[in-house]
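User: I would like to learn how to read a ligand site and the backbone around it. Could you take me through it step by step?

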Amino acid sequence: MNPAADIKSVVDFKRIRSDFPVLLQKTNGHPLVYLDNAASSQMPAQVIDRIDRYHRNEHANVHRGIHTLSQNATDAFESTRSKVKNLINAPSEDEIIFTTGTTDSINLVANSWGGTMLNRGDEIILSEMEHHANIVPWQMIAHKTGAIIRVIPVTDQGLLDLEAYKSMLGPRTKIVAVIHVSNVLGTVNPVKLITELAHEAGAVVLLDAAQSVPHMKVDVQELDTDFLAFSSHKLCGPTGFGILYGKKEILEEMPPYRGGGDMIDKVSFEKTTYNRVPFRFEAGTPPISAAIGTGAAIDYLLQIGMGRIEERESELADLLIQKLRAIDGIRIIGEAPERAPLASFVFESIHASDAGTLLDKKGIAVRTGHHCAQPLMKRFKVSATTRASLSFYNTEDEIDQLAAGIKYVQSFFNQ
Ligand code: C6P
């Protein structure tokens with residue numbers, strides 16, 4: 001499928017599926033049922049072809065060359081900044097920083113913003129459902145600055161305890177850094193409210209949007225968030241590329257995070273001055289092909305429409321939950337009413353990695369383990385879960401196959 005009109009007129013998700021070459025293969029003799037989209041989603045041919053075209057015909061370094069090839073590469077590379085701006089409704093392209101992923105984006109804020117703004121006794125609020133990418137960078141900067149980490153607890157249902165959050169906020173709160181959508185529970189957190197309350201307390205907000213931007217309309221102006229971090233490879237784009245959105249007035253006050261080429265204005269051994277925002281934060285040759293591929297991925301998603309994607313995925317998510325609930329001997333972790341299209345579950349007495357291995361034998365790809373959220377595993381007293389995570393290109397039939405696969409796992413272990 002190629003022309004935009006095709007997608008716009010009829011959103012035929014079955015047809016859209018045929019855009020994804022990787023989904024056409026067999027794994028272990030079975031058609032691949034790819035249910036690990038929260039780890040990495042697949043790339044449509046349009047994105048793969050765009051990256052290929054860049055490598056074959058357009059490759060040159062960016063921001064450096066006077067020659068045509070370099071200028072064209074720069075234009076293609078920079079066009080991604082305006083596509084990202086549109087995707088998240090940022091006020092300005094200057095607020096879009098290219099990084100290598102969500103992890104890198106959060107490390108940038110923790111080091112640059114945190115390294116200058118945090119002092120001994122200042123408080124950083126995180127939540128119990130954070131991915132390690134939104135815990136460890138804060139621990140590292142807290143260790144350096146003497147700041148203190150406070151943690152919003154998670155309820156049995158898998159929601160943030162908002163009363164506890166409110167009671168934590170105070171004059172010492174400097175930043176609230178929370179996950180928008182949990183990669184384990186699927187919970188969609190009330191980040192607008194969380195942000196309003198943080199701002200009332202005088203704190204800034206960082207949203208880890210790795211699992212929200214791929215699945216719903218995320219509008220940074222509506223949310224009024226100060227920072228937003230996400231990755232391209234969960235957004236039908238390539239690996240090695242991500243975004244940090246930051247409000248310009250805050251970014252202007254932040255020192256560079258890494259030094260090197262492209263991030264400077266003038267360099268001498270006596271004194272170096274820095275480039276303007278956002279380039280100040282982008283030292284060295286960037287991942288050019290990944291940036292251009294991300295632009296193609298955003299074009300692709302916006303042609304379908306994030307609203308339509310959300311609608312389709314929510315139908316699939318409802319079916320997934322319904323099918324899982326109907327199976328005896330497994331328990332879903334997290335029962336949030338507003339959820340992203342994923343579910344984590346545990347078997348009564350089968351280890352997640354055994355289940356994952358057996359499902360893989362049937363061609364079903366799920367993720368098992370702690371999902372880089374060990375504090376959350378501890379909260380729910382489990383060491384690992386099995387997680388099925390969907391994308392708009394998955395089908396009802398694949399959810400049925402997962403349900404049959406789970407029953408096969410249970411029968412294999414005589415349960
Ligand atoms: N979660 C998962 O299977 P990177 O690796 O930087 O692209 O993204 C890290 C990250 C940060 N926050 C959240 C909420 C995430 O889900 C992830 C990545 C994958 O759940 C791999 S652990």
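Analyst: We will go through the ligand site and then two backbone features, bearing in mind that this is a predicted model.

User: Which residues are the closest to the ligand, and how many surround it?

Analyst: A residue is taken as near the ligand if one of its heavy atoms lies within 4 Å of it. Here 17 residues surround the ligand, and the closest are Thr103, Asp208, Gln211, Ser231 and Arg367. The shell divides into six nonpolar, seven polar and four charged residues, and it draws at least three residues from each of domain 1 (8-43 + 305-413) and domain 2 (49-302).

User: What polar contacts should I look for?

Analyst: A polar contact is a pair of N or O atoms within 3.5 Å. A polar side-chain atom of Asp208 lies 2.6 Å from a nitrogen atom of the ligand, while the side chain of Gln211 places an N or O atom 2.7 Å from a ligand oxygen, and for the side chain of Arg367 the corresponding distance to an oxygen atom of the ligand is 2.5 Å. Taken alone the ligand exposes 510 Å², of which the protein buries 87%; the space that the ligand takes is the second largest pocket.

User: Where does the backbone hold a cis peptide bond, and which residue other than glycine has a positive phi?

Analyst: The peptide bond from Val277 to Pro278 is cis, with omega near 10°, and Pro278 belongs to the loop between strand S12 (272-274) and helix H11 (288-304). The positive phi, near 65°, is that of His63, a residue in the loop between helix H3 (45-58) and helix H4 (68-88).

Notes
Residues are numbered from 1 along each chain as its sequence is written. This is a predicted model: local features need pLDDT of at least 70, side-chain atom pairs count only at pLDDT 80 or more; totals for chains, interfaces and linings use all residues. Side-chain values use heavy atoms; hydrogens and water are left out. A polar contact is a pair of N or O atoms within 3.5 Å; within protein, one must be able to donate a hydrogen and the other to accept it, and residues adjacent in sequence count only if both atoms are side-chain atoms. Accessible areas come from the Shrake-Rupley method with a 1.4 Å probe; for residues, only the protein chains shown count as cover. On a 1 Å grid over the protein atoms alone, a cavity is a set of points where a 1.4 Å probe fits but cannot get out, and a pocket is an open set with protein on both sides within 12 Å along at least five of seven lines; lining residues have an atom within 4 Å of a point. A molecule sits in a cavity or pocket if more than half of its atoms lie within 2 Å of its grid points. Ala, Val, Leu, Ile, Met, Phe, Trp, Tyr, Cys and Pro count as nonpolar, Asp, Glu, Lys and Arg as charged, and the others, Gly among them, as polar. Domain bounds come from an automatic or database domain assignment. Helices (H or I, at least four residues) and strands (E, at least two) are DSSP runs, numbered from the N terminus.
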